[in-house]
Amino acid sequence: MTNNSSANSDSNGTNIHNQDLGWYFLELARLGASRATHLEDTEEQLPSELNTINSSGGFLLVSTDKLSVKYTSVNLHGHDVGVVQANNPAPVKRLVYYFEIFVKDAGAKGQIAIGFTTDTFKMRRQPGWEANSCGYHGDDGMLYRGQGKGETFGPTFTANDIVGAGINYASQEFFFTKNGAVVGAVYKDMKGPLFPTIAVHSQNEEVQVNFGQKSFAFDVKEFEKQERMKQQTTIEKISLPPNVSYGIVRSYLLYYGYEDTLNTFDVASKTTVPPVYMAQENGFNEQDIVYALNRRKTLRKLIKSGEIDSAFGKLHDWYPQIVQDDKSATCFLLHCQKFIELVRVGALEEAVKYGRIKLAKFFGLAGFDDLVQDCVALLAYEQPQESSVGYLLEESQREVVADTVNAMILSTNPNLKDSHACLQSCLERLLRQLTACCLERRSLNGDQGEAFHLNKELDIGKN
Amino acid sequence: MSLFWIVIRRLAEIEAMATSKKVITKEEWEKKLNDVKIRKEDMNKLVMNFLVTEGYVDAAEKFRMESGTEPDIDLATITDRMAVKKAVQCGNVEDAIEKVNDLNPEILDTNPQLFFHLQQQRLIELIRHGKVEEALEFAQEELAPRGEENQSFLEELERTVSLLAFEDVSNCPVGELLDISQRLKTASEVNAAILTSQSHEKDPKLPSLLKMLIWAQNQLDEKAAYPHINDLSTATLEDPAI
């Protein structure tokens, strides 16, 4: 679409369509459709009950609700432990995993254990007795971690005690609790899926497990909060160059053409005490980004108020190269928006007519097809706002179109070195880098820990 | 002997392989960056949060109109907060105290340290203007009783009063109290207390996220070589250092 050859000669291996920068924004427009489900984290299967298939049959009895277990035989040696794992391993894409047991009956000897084991665990042994397992034992209060001998760890536990086991993915530790208080933590030296595991080993021992169906005796939320705060304290100690936030906000306003805000912001920052001092040589490329500021602002205003025809008119006058190819992504988004605006005001007949003339040609065209179908689907509903394509009527859809036009104008700047530099603000590039770093680190860490989500971060501190 | 060295060399190679970091090329990394989804409205919120917390009330109002982003606080309260901050910055501490109490009397009632620091600032301003008698009277009547309640207040009071002992305060050991930075320190303390009383975070989120970016890059450095952003103000992607 654009005849700006410098914008097309791109060697920059991103998968943005090389011919038309506007394609980048088609993706953004699509994002609107998946807004509710756009969190990248897929839900992990959580432990919810005991695994009766894999348990050490013969020595123990699992209740029908699969949430309690009883030792029904008489123990004779070290290889007749009644051990049972949860149906799913502990989830890893989080800060903390935790579960609890309630000791209903300590039985003959109180040889009850709680801990974590892997899927190859020998289901006749106490957790902690074998390699790749870890368990806190009730009869001696010791912690066992794969060696024959236990380590002094905490108090013993018996009937009527609530004991918990957890994994702290931030510190890479197992931790255990008794009656709501932390007993201690040890380094987690096991890898792979880790199953919550409980064991009973003497006559009549009976234990109920709580995978979170009921509230815990231990305040996990508070524990997580403290963990987050520890990390936050480390992060807050990092120092930033002076006024860097100020500069990033300013360049954001410049980039998107929020001219009124920018001017007010500049006036205000001249009168602050101490005055905000910005080094000029810090490479903000002011002139490049000031480029066409007023025209960009004007077009944003028109699109944001639904005046698509006027926006088209201005583009024809000012930047004919952007709208000369009627099949470009930019023209497509503008046509869609015009159609949407007609639906919004209830001019359905006109919308149908406009659709036939301007949108029909995009049917069946890869990349455009789904959006065109969504637009036309608006006609099918009496209350299109509440339909599955209602997102098109939201303010954010206008914003995508306004941002597309803004970026296309920036791309006509002859001083532009990298054609993709005009697609994202500095702030957006930083946030992408932050998210990518966090995700990559987690994936190199066996997917353990929380991901970074900007919208979650924005919600922190509210209420 | 030569076999020995071959074995040693081999061991070193194995070790290097085990500890070698994953290398992510710029192309691969850009693909990952591209897969990240950042919503415009979230960025707008982040910018609005900055304007509001830093007290750019007019800009926040304009930004609301231009971007359609709703501020997370009543904009009118920003004006009041900024008036208090400005009063302290200009040395009108009495005025500032009055304004804080107009805004919400609980702020100073529940925050003895802040109240002490404001009174201390008032004493500093009296000394700055050479009002020795007034300063002494103020120190004895208003500040000394508070010093009895709290040892650190007493030490601060003594430090401040010692300003009176010097003819040329610009060269004395406690001269920094007269510096503009002391006013700014007090002003930002009041500012934070007002924000907290409005159940708003006292610092904008953007600087924290920038720090988090530096931290996240450092953390990932331990595991991989990948393109960094070293200059936050340009967000330029550097080639990975291998």
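In which helix of chain A does Thr264(A) lie? In this predicted model, Thr264(A) belongs to helix H5, which spans residues 259–271 of chain A. Thr264(A) has a relative accessibility of 16% and therefore counts as buried, since the cut-off for that class is under 20%. Once neighbours within four places in sequence are set aside, the residues in contact with Thr264(A) are Asp58(B), Ala59(B) and Lys62(B).

A second helix of chain A, H12, covers residues 369–377, and its buried residues are Leu371(A), Val372(A) and Cys375(A). These residues lie on the same side of H12(A), because the arc that they cover around the axis is only 100°. This fits the general geometry, in which an α-helix has 3.6 residues a turn, so residues three or four places apart point the same way. The cover over the buried residues of H12(A) includes helices H2, H10 and H11 of chain A, whose residue ranges are listed below.

| Covering helix of chain A | Residues |
|---|---|
| H2 | 23–31 |
| H10 | 329–344 |
| H11 | 348–359 |

Chain A also holds an open sheet of six strands with antiparallel pairing, in the order E3-E12-E5-E6-E7-E8. Strand E3 (82–85) and strand E8 (151–152) of chain A stand at the edges, and each has a single partner strand, so one side of each is left without a neighbour in the sheet. Within the sheet, strand E6 (residues 133–137) and strand E7 (residues 142–144) of chain A pair in the antiparallel sense over two bridges, and Tyr136(A) has Leu143(A) in E7(A) as its bridge partner.

Key
Residues numbered from 1 in each chain as written. Chains lettered and ligands numbered in written order. Predicted model: local features only at pLDDT ≥ 70, side-chain atom pairs only at ≥ 80, totals over all residues. Heavy atoms only, no water. Helix = DSSP H or I, 4+ residues; strand = E, 2+ residues; numbered from the N terminus. Buried < 20%, exposed > 50% of the residue type's maximum accessible area, 1.4 Å probe, protein only. Contact = heavy atoms within 4.5 Å. Arc of directions from axis to C-beta. Pairing = 2+ DSSP bridges.
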